[in-house]
Each structure stands twice: as C-alpha cells, then as structure tokens.
Amino acid sequence: MLRLLLLFLGGVFAVNSLRVAVVGEGVIGLSTATAILDLAEKENITAPDIQIFHHKPFEKILSRHIAGLFRIDSGSEINKKYGYDTFEKLATLWREYGGLSGVQLVSGHILSDSKAKLDSQRVAYGSLVYNYRDLTEPELFGPTSLFDLPRNTTTHGIHYTAYTSEGLRFCPFLKKELMAKGVRFTQRRIENLAELGAEFDVVVNAAGLFGGVLAGDDAGNMSPIRGVLIRVDAPWHKHFLYRDFSTITIPVIDSVYMGTVKQEGAYGPNNVTFNDIQDITSRYVQLQPSFKRVHMLSSFVGYRPGRKQVRVEKQVREAYGQKKFTVVHNYGHGGNGFTLGYGSAVHAARLVLDLSLDNYAGIVPEPLPVNSTVGDWVQVLDDKLF
C-alpha cells in the first residue's frame with residue numbers, strides 16, 4: 001500500500017514538474033507562455049514551470065516597436081482560427097484592463113485601387129471585427145470626403161473597428177502578468193535547442209526571424225522583410241488609415257505610427273535612412289496633408305519573420321544523445337505577429353500540454369519541406385535577431 005502511494009505521489013510530482021523553456025521575449029514568446037498558463041487553468045492542469053530566454057533587452061527587439069493593428073494578410077482557414085482566438089483575447093483584455101494592457105479600440109479605413117484586395121480583407125476577417133463595411137462614394141470623393149482624392153480615380157475603401165495592441169505597452173503588460181505567476185526571464189543567447197533540451201522537458205521555439213535557424217531544419221524557409229515605422233505626435237488623429245497596405249498611420253494610446261516599407265528579402269540598411277523617411281512621409285502626406293506639420297518622436301527599422309505559413313509544429317528530439325525532449329515551434333508570422341500571435345500560441349500551448357487538437361482538424365496546412373540552407377542575411381542580421 002505504501003509503495004502504491006509513493007508511486008502515485010511520484011506520478012503527481014512528475015506532472016507538477018513539467019519544465020518549459022520559451023526562446024524569445026517578443027509577442028509570440030510572451031503570448032505562448034500566457035496561453036500555456038491560461039489553458040492549464042482552464043483545463044485544471046497544474047501550471048508548468050516556465051522560463052523565458054531572450055538574447056537582447058526588450059528595448060532592442062522588433063515587438064517593442066510595433067503598433068499592432070488587428071488585420072489578417074492571408075485568409076487561410078488556420079489564420080482565421082488564429083485571428084479569432086487573438087481577437088477574443090484582445091476583447092477580454094480591453095474589457096478588463098482597457099488601455100492599461102496596451103490594447104486600444106480603434107476604427108479606421110483601408111483604401112485601394114484594387115477591389116479584389118479589399119474583398120480579400122472581407123473574407124479574411126470581415127465577419128470577426130466590428131462595423132465592417134464598404135465606404136460610400138461621398139465618403140471617398142467630394143467636398144465632404146474624408147480623403148483628398150480626385151474623382152477620376154478608381155479608389156475603393158472599407159471601414160472597420162478593431163483593436164491595436166501596441167508592443168511598447170502590450171508586451172510589458174504580458175511580462176508583468178507572467179512574472180506575477182512565477183515565470184522567470186533570463187537573458188542568454190541560445191545557439192541550439194539541445195542546450196535547453198538537456199535542462200527542460202519542453203522547449204518552445206518562438207525566436208521570430210531566427211526561428212528557422214534555431215530549429216536547424218527550416219532556415220531556408222525564412223526570409224527577412226525589412227520595415228520602417230515612424231512614431232509621430234498627432235493627437236488629433238484618431239482613426240487608422242491604410243493606402244494599399246504600405247502607406248499607413250495607426251493611432252495608439254498617446255502617439256501615431258506612420259509607415260511603412262515592406263522590402264522582402266532585404267537585410268539592410270540596419271538604420272532608418274533619410275530616403276526611408278522621405279519616402280514614407282511624401283506618400284502619406286498625399287493622403288493627409290496635415291501630416292506635413294507633425295513632429296517625429298522616434299523611428300525604427302525592423303525585420304519581419306517572413307515565411308509562407310506560420311510554423312506551429314511538435315517534434316521529439318534528443319539532447320546530445322542523452323535525453324529526449326519535446327520541441328514546439330511557433331514562428332514565421334510575417335507582419336501579423338500581433339494579429340495571429342495569441343491564436344497560434346493557443347495552438348502551440350495545446351501541443352505543449354498534450355491537449356486535444358480537434359479544433360484544428362482539417363485546417364492545419366502541410367509542413368513546408370525541410371530546408372536548412374542558411375542565407376547570407378543570417379550573419380548580417382545576427383546581432384539584431386529576437
């Protein structure tokens with residue numbers, strides 16, 4: 001009887017002692033740790049012991065500088081699922097914490113000369129966000145128009161209401177909540193997942209652009225997408241505005257983000273250039289002439305983790321031939337990290353906790369072929385990654 005009791009207690013201890021390492025302190029790493037704890041509570045599972053590893057201070061990583069407007073680029077079924085779960089989380093945070101969480105409710109408009117592009121937005125998230133509709137002709141053109149558009153253009157537009165989750169506030173909020181629940185943060189460069197596999201039961205690879213290199217089997221499927229954002233002081237500007245997805249402004253709690261460039265495959269220059277600023281401001285001023293008078297607060301260049309699809313996969317590996325451990329990948333979100341992040345984190349968390357995946361049946365895409373080719377960009381950007 002005593003032996004049975006000891007075996008039972010030993011089994012409970014083994015479950016209680018699940019050790020999880022998360023690589024990456026950006027929005028994906030923080031969201032994954034959050035989702036693991038959220039699901040553990042929901043499923044009445046003892047919370048794992050989680051430690052998050054990050055290579056750089058938060059102030060120097062991509063997530064720190066993102067405005068985080070909810071908008072889905074690709075309307076694949078898995079992205080819709082990720083988007084829905086993220087939107088639900090953002091709505092919950094907004095109701096409970098408001099702007100203290102870094103989440104802000106905002107309305108705005110997207111303009112394009114391509115009706116097909118706007119129709120794809122309706123398919124991707126039109127039924128999920130609030131107040132989604134097409135703009136009328138008087139709203140687009142004429143003396144009472146919101147925009148300075150000539151009538152002879154073929155511009156179309158949409159309006160909707162959704163959330164921003166500004167990295168500057170949202171990520172520190174998540175970190176504070178995680179630390180209050182016992183999650184530890186360690187600044188340490190991880191060269192190989194096996195380093196952590198020797199110490200932990202599960203290793204979550206949420207290393208963003210560097211995720212494919214760290215995985216060891218996916219570097220060639222990753223590509224940097226250079227982007228630039230300018231943060232300006234424009235307190236009157238309360239609505240986001242996009243023109244063909246590259247000329248944008250997104251108002252957040254106390255400033256406005258203006259951008260952008262989307263240079264696929266580019267890995268330099270690693271600073272915001274005079275040409276970047278001239279290009280962005282000249283394009284946007286054509287839409288909103290009042291922005292000729294704004295004051296620039298800061299600017300940032302970053303590299304989005306480009307991949308054909310988000311990688312959420314589970315593998316079993318060996319740490320230096322001595323100990324088996326589980327790897328769960330969660331990276332490759334492109335420019336949609338803040339929109340898809342919590343949703344993909346829930347998927348990853350289910351893999352970590354070995355929970356049912358019924359909600360993903362039939363919508364998870366086939367994995368991309370293994371491609372471990374390390375591109376030139378890795379060495380050039382190595383100091384800037386995650």
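1. Helix α3 (residues 77-97) and helix α10 (residues 337-353) cross at roughly 100°, their axes coming within 7 Å of each other; axes here are lines fitted to C-alpha atoms, for helices over the stretch in contact, with angles running from 0 to 180 degrees between N-to-C directions. At that angle α3 is roughly perpendicular to α10 (65 to 115 degrees; under 35 counts as roughly parallel, over 145 as roughly antiparallel, and the rest as oblique). The contact (heavy atoms within 4.5 Å) involves I78, N79, Y82, G83, D85, T86 and K89 on the α3 side, and F338, T339, L340, G341, Y342, G343, S344, V346 and H347 on the α10 side. Sorted by class, these are 6 nonpolar, 8 polar and 2 charged residues, where Ala, Val, Leu, Ile, Met, Phe, Trp, Tyr, Cys and Pro count as nonpolar, Asp, Glu, Lys and Arg as charged, and the others, Gly among them, as polar.

2. The model is predicted, so local features need pLDDT of at least 70 and side-chain atom pairs count only at pLDDT 80 or more, whereas totals for chains, interfaces and linings use all residues. Residues are numbered from 1 along each chain as its sequence is written, and side-chain values use heavy atoms, with hydrogens and water left out.

3. Helix α10 also meets helix α2 (residues 27-42), the axes coming within 7 Å and crossing at roughly 50°, and the two are therefore oblique to each other. Their crossing is right-handed (the near helix is turned clockwise from the far one by less than a right angle; anticlockwise would be left-handed). From α2 the contact takes in V27, I28, S31, T32, T34, A35, I36, D38, L39 and A40, and from α10 G337, F338, G341, Y342, A345, V346, A348, A349, R350, V352 and L353. By class this contact has 14 nonpolar, 5 polar and 2 charged residues.

4. An open sheet of 6 strands with mixed pairing follows the order β6-β2-β1-β7-β15-β14; helices (H or I, at least four residues) and strands (E, at least two) are DSSP runs numbered from the N terminus, and two strands pair if DSSP finds at least two bridges between them. Because β6 (184-187) and β14 (311-319) stand at the edges with a single partner strand each, one side of each has no neighbour in the sheet. From one strand to the next the twist averages 20°.

5. Within this sheet, strand β1 (residues 19-23) runs parallel to strand β2 (residues 49-54) and is joined to β2 by 5 bridges, with A21 standing opposite Q51 in β2.
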